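Biologist: Before I rely on any label such as buried, exposed or paired, I would like to hear the reasoning behind each one. Could you show the structure and then go through the labels with me?

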Amino acid sequence: MILHTTNLSHRYKKATVLKNVNLQIDKPGLYVFVGANGSGKSTLFNCINGLLHPTEGNVTFDNTTFGVLYEPVSTEPNLTVKQIIQVAASIRKADVNECTEQLKFWNLDEHQNKTFKALSLGMRKRLMIACSLLGNPDLHIWDEPFNGLDPLGMEKLREVIQYLKEQQKTILLSTHILGELDNIATEILIVKNGELSYTFKPNSTNSTLKQQILEVL
């Protein structure tokens with residue numbers, strides 16, 4: 001067992017955003033959560049990663065490390081790229097060489113002295129994904145990682161996802177972009193009105209998958 005949620009619910013004042021979500025992830029892979037804006041995807045992820053305390057239910061992890069990307073990305077605006085990734089490395093007890101490698105991979109090494117507020121949205125997103133990868137975590141919880149990425153970032157992210165799958169890592173990824181990950185996802189989970197309403201197990205020959213997803217959204 002990698003991750004297990006039991007009757008996970010969350011309310012904002014009188015509005016119930018999550019309703020008794022029971023989720024069990026037992027093997028490594030790419031788990032793609034799809035749903036309309038406001039369906040509860042971000043709330044679910046924030047309850048899992050500890051940014052929100054669920055109103056009811058609980059979350060259980062195996063003995064694992066995890067990297068988090070939340071939406072929208074933000075940090076102290078006057079810190080430089082180099083300072084941000086070094087702070088992240090210190091928190092995650094990652095080798096400083098990882099910072100250099102990540103900045104180079106994400107084409108941020110030439111921008112490391114720029115402040116966060118001076119970065120484009122795509123560069124900010126690339127930086128925060130890079131930070132989430134430090135320390136080689138076993139479980140990645142990424143809320144809308146494709147949102148706001150430039151074409152370079154999207155290409156890099158697809159490459160990273162494929163690599164992590166090959167390394168037997170687990171990725172929980174939310175998106176509203178259908179078609180990005182259909183053929184490589186381990187499971188596609190539909191979130192609708194705060195509930196985990198449907199699960200697909202895609203394969204490369206399932207040409208009707210997108211239509212099936214749209215029918216249940």
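Modeller: This is a predicted model, and a good place to begin is helix H3, where Thr-100, Glu-101 and Lys-104 are exposed on the other side of the helix from its buried residues.

Biologist: Which residues of H3 are the buried ones, and why do you say that they line one face of the helix?

Modeller: The buried residues are Cys-99, Gln-102 and Leu-103. Seen down the axis of H3, these buried residues fall within an arc of 100 degrees, and therefore they line one face of the helix. Among the elements that cover them are H2 and H4.

Biologist: What makes Asp-95 a cap of the N-terminal end of H3?

Modeller: A side-chain oxygen of Asp-95 lies 2.7 Å from the backbone nitrogen of Asn-97, and since a polar contact is a pair of N or O atoms within 3.5 Å, the value meets the cut-off. Just after the helix, Asn-107 takes a positive phi of about 55 degrees.

Biologist: Why is Ser-174 called buried?

Modeller: The relative accessible area of Ser-174 is 0%, and buried means under 20%, so the label applies to this residue, which is found in strand S7. The side chain of Ser-174 reaches the backbone nitrogen of Glu-144 at 3.0 Å, a value that also fits the limit of 3.5 Å for a polar contact. Leaving out residues up to four places away in sequence, Ser-174 touches Phe-33, Lys-41, Phe-45, Trp-142, Asp-143, Glu-144 and Pro-145.

Biologist: Why, then, is Ile-184 called partly exposed?

Modeller: Its relative accessible area is 25%, and because partly exposed is the range between under 20% and over 50%, Ile-184 belongs there. Ile-184 is found in the loop between S7 and S8, and, its neighbours within four places in sequence aside, it is in contact with Leu-30, Ile-161, Gln-162 and Lys-165.

Biologist: And why is Gln-168 called exposed?

Modeller: For Gln-168 the relative accessible area is 56%, and exposed means over 50%, so the conclusion follows directly. Gln-168 is found in the loop between H5 and S7, and it has a positive phi of about 65 degrees although it is not a glycine. Asn-136, in the loop between H4 and S6, is likewise a residue other than glycine with a positive phi, near 55 degrees.

Biologist: How do you know that the peptide bond joining Glu-71 and Pro-72 is cis?

Modeller: The omega angle of that bond is about 0 degrees, and Pro-72 lies in the loop between S5 and H2.

Biologist: What makes S1 and S2 a pair of strands?

Modeller: Two strands pair if there are at least two bridges between them, and S1, residues 3-12, and S2 have 7 bridges in the antiparallel sense. One of the partnerships joins Arg-11 with Thr-16 in S2. These strands belong to an open sheet of 3 strands in the order S2-S1-S4, with antiparallel pairing.

Biologist: Why do you place S2 and S4 at the edges of that sheet?

Modeller: Each of them has a single partner strand, so one side of each is left without a neighbour in the sheet. From one strand to the next, the twist averages 20 degrees. Helix H1, residues 41-49, packs on this sheet and touches S1, S2 and S4, while its direction makes about 120 degrees with that of S1.

Biologist: How many strands form the open sheet with mixed pairing, and in what order?

Modeller: That sheet has 6 strands in the order S5-S6-S7-S3-S8-S9. S5 and S9 are at its edges because each has a single partner strand. S8 and S9 pair in the antiparallel sense over 5 bridges, which satisfies the requirement of at least two, and Leu-189 stands opposite Thr-199 in S9. H5 packs on the sheet, touching S3, S6 and S7.

Biologist: Which residues of the largest nonpolar core touch the most other members?

Modeller: They are Leu-127, Trp-142, Ile-161 and Leu-173, out of 41 residues in that core. The largest share, 7 residues, comes from H4. A second, separate core has 18 residues, including Leu-18, Phe-33, Leu-139 and Val-191.

Terms used
Residues are numbered from 1 along each chain as its sequence is written. This is a predicted model: local features need pLDDT of at least 70, side-chain atom pairs count only at pLDDT 80 or more; totals for chains, interfaces and linings use all residues. Side-chain values use heavy atoms; hydrogens and water are left out. A nonpolar core is a set of buried Ala, Val, Leu, Ile, Met, Phe, Trp, Tyr and Cys residues joined through side-chain atoms within 4.5 Å. Buried means under 20% relative accessible area, exposed over 50%, partly exposed in between (1.4 Å probe, protein chains only). Helices (H or I, at least four residues) and strands (E, at least two) are DSSP runs, numbered from the N terminus. A polar contact is a pair of N or O atoms within 3.5 Å; within protein, one must be able to donate a hydrogen and the other to accept it, and residues adjacent in sequence count only if both atoms are side-chain atoms. Contact means heavy atoms within 4.5 Å. Axes are lines fitted to C-alpha atoms, for helices over the stretch in contact, and angles run from 0 to 180 degrees between N-to-C directions. The arc is that of the directions from the helix axis to the C-beta atoms.
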